[in-house]
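User: I am new to this structure and would like to understand the reasoning behind the terms used to describe it. Please show it first.

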Amino acid sequence: MADKSTIVVASNNPGKLKEFALLLPNFKIISQSSLNITPEEELGETFFENSLQKARVANNVSGMISLGDDSGLIVPALNNLPGLRSARYAHENATDEENRQHLRKELEALDLNQTKAYFVCVLVLVQVSADPFPLISTGLLEGSVKTTMQGTNGFGYDPMFYPKDSNLSLGEMNADDKALLSHRGKAIQVLKRKIEGFVSE
Ligand code: IMP
């Protein structure tokens, strides 16, 4: 049987991994790269499909409980982009900085300094690859994106994203404050309750 105190996070994104370690302190969080698991191309048409695929690939190789996270930034004024393409918005191997600059240019092309946006996170946890009962949870964070960048904390689009009713960007918040309100923080809180039931069985 799989070691239930360890969760393989099916991501190589150091920003995400730090957030999982912070938010799931009762589990040993290990990255798929530490097990030499290579992510497959994301071919799904939804965050859910990609998240499930990531978790399955990690579980196939590791045989351990695996957690997929597919998340992204939705900007309605940009036809919901970057969306599923958030990690590779500027180009296939883009850095976070290149993606932020690309988003800034796309907004400026529409004469927008600021517009509504939201982050989504879909988590899928599997115990076996063809798990008939994957644990699924989602989280949403509403706010706006601005072309001015503030702060250097977090990762991805954090310096451009201002949660609703906040004067601070996510890039200006510390990890604990971001975790309290973020899409990933909310999805993890829901998942945690489901995992507790599942692990104690
Ligand atoms: P994924 O690895 O395909 O799920 O890509 C997620 C991408 O969405 C990241 O590379 C970031 O660009 C963006 N993203 C997701 N969550 C966050 C967040 O919490 N802050 C900032 N950017 C995020």
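Analyst: The questions below concern the surroundings of the ligand in this predicted model.

User: What makes the pair formed by K54 and the ligand a polar contact?

Analyst: A polar side-chain atom of K54 lies 3.3 Å from an oxygen atom of the ligand. A polar contact is a pair of N or O atoms within 3.5 Å, so this pair qualifies.

User: Which backbone atoms lie at such distances from the ligand?

Analyst: A backbone N or O atom of S71 is 3.0 Å from a ligand oxygen atom. For Y157, a backbone N or O atom is 3.2 Å from a ligand nitrogen atom. Of the 490 Å² that the ligand exposes when taken alone, the protein buries 94%.

User: Where does the ligand sit, and which elements give two or more residues to the shell around it?

Analyst: The ligand takes the space of the largest pocket. Strand 3 (66–75) and helix 5 (183–200) are the elements that give two or more residues to the shell. Strand 3 supplies the largest share, four residues.

User: How many residues of each class does the shell have?

Analyst: The shell has eight charged, six polar and four nonpolar residues. Of these 18 residues around the ligand, K16, D158, K178, H183 and R184 come nearest.

User: Where does UniProt place the feature "binding site"?

Analyst: An unreviewed UniProt entry places this feature at E41 and D70. They are spread over 30 residues of sequence but cluster in space, with a largest C-alpha distance of 12.6 Å. Both E41 and D70 belong to the lining of the largest pocket. E41 is located in the loop between strand 2 (28–31) and helix 2 (47–62).

Methods
Residues are numbered from 1 along each chain as its sequence is written. This is a predicted model: local features need pLDDT of at least 70, side-chain atom pairs count only at pLDDT 80 or more; totals for chains, interfaces and linings use all residues. Side-chain values use heavy atoms; hydrogens and water are left out. A residue is near a molecule or strand if one of its heavy atoms lies within 4 Å of it. A polar contact is a pair of N or O atoms within 3.5 Å; within protein, one must be able to donate a hydrogen and the other to accept it, and residues adjacent in sequence count only if both atoms are side-chain atoms. Accessible areas come from the Shrake-Rupley method with a 1.4 Å probe; for residues, only the protein chains shown count as cover. On a 1 Å grid over the protein atoms alone, a cavity is a set of points where a 1.4 Å probe fits but cannot get out, and a pocket is an open set with protein on both sides within 12 Å along at least five of seven lines; lining residues have an atom within 4 Å of a point. A molecule sits in a cavity or pocket if more than half of its atoms lie within 2 Å of its grid points. Ala, Val, Leu, Ile, Met, Phe, Trp, Tyr, Cys and Pro count as nonpolar, Asp, Glu, Lys and Arg as charged, and the others, Gly among them, as polar. UniProt positions are given in the numbering used here, feature names are shortened, and annotations may be inferred rather than shown by experiment.
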